[in-house]
Amino acid sequence: MPFIQVTMLSGRTVEQKHDLMRRLTDVTADVLGGDPARIRVALYEVSPDDWAVGGEPISKVRPAG
């Protein structure tokens, strides 16, 4: 049973997150030939202050706006 974990910045709508989970499930089932009911997807959201690129928090690299 595949288990897919996605870590992403917060800020997406519930609809976007649900669509992502559905599409990841569909593609995984197509590629691996498995039963979609056995595929698990977990989304983890982090704030821009909790994610850094090159040592700089995303909140400083990409200010909200």
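This passage describes the nonpolar core, a surface patch and selected residues of a predicted model.

The largest nonpolar core consists of five residues, namely Ile-4, Val-6, Met-8, Ala-29 and Ile-39. Strand E1, which spans residues 3–9, supplies the largest share of this core, with three residues. Apart from its neighbours within four places in sequence, the core residue Ile-39 is in contact with Pro-2, Ile-4, Thr-25, Thr-28 and Ala-29.

Thr-28 lies in helix H1. The relative accessible area of Thr-28 is 14%, and Thr-28 is therefore classed as buried, the limit being under 20%. When neighbours within four places in sequence are set aside, the contacts of Thr-28 are with Pro-2, Ile-4, Gly-33 and Ile-39. Pro-2 and Ile-4 are thus listed among the contacts of Thr-28 and also among those of Ile-39.

Helix H1 also contains Leu-32. Leu-32 has a relative accessibility of 60% and counts as exposed, because the cut-off for that class is over 50%. Together with Val-27 and Val-31, Leu-32 makes a nonpolar surface patch of about 320 Å².

Helix H1 (14–32) and strand E2 (40–46) are connected by a loop in which Ala-37 is placed. Ala-37 is exposed, its relative accessible area being 57%. Along the chain, Ala-37 and Gly-55 are 18 residues apart, and a distance of 39 Å separates their C-alpha atoms.

Methods
Residues numbered from 1 in each chain as written. Predicted model: local features only at pLDDT ≥ 70, side-chain atom pairs only at ≥ 80, totals over all residues. Heavy atoms only, no water. Helix = DSSP H or I, 4+ residues; strand = E, 2+ residues; numbered from the N terminus. Buried < 20%, exposed > 50% of the residue type's maximum accessible area, 1.4 Å probe, protein only. Patch = residues over 30% accessible without salt bridge, like charges linked within 9 Å, V, L, I, M, F, W, Y side chains within 5 Å. Areas by Shrake-Rupley, 256 points an atom, 1.4 Å probe, with all protein chains shown as cover. Salt bridge = Lys/Arg side-chain N within 4 Å of Asp/Glu carboxyl O. Core = buried A, V, L, I, M, F, W, Y, C linked by side-chain atoms within 4.5 Å. Contact = heavy atoms within 4.5 Å.
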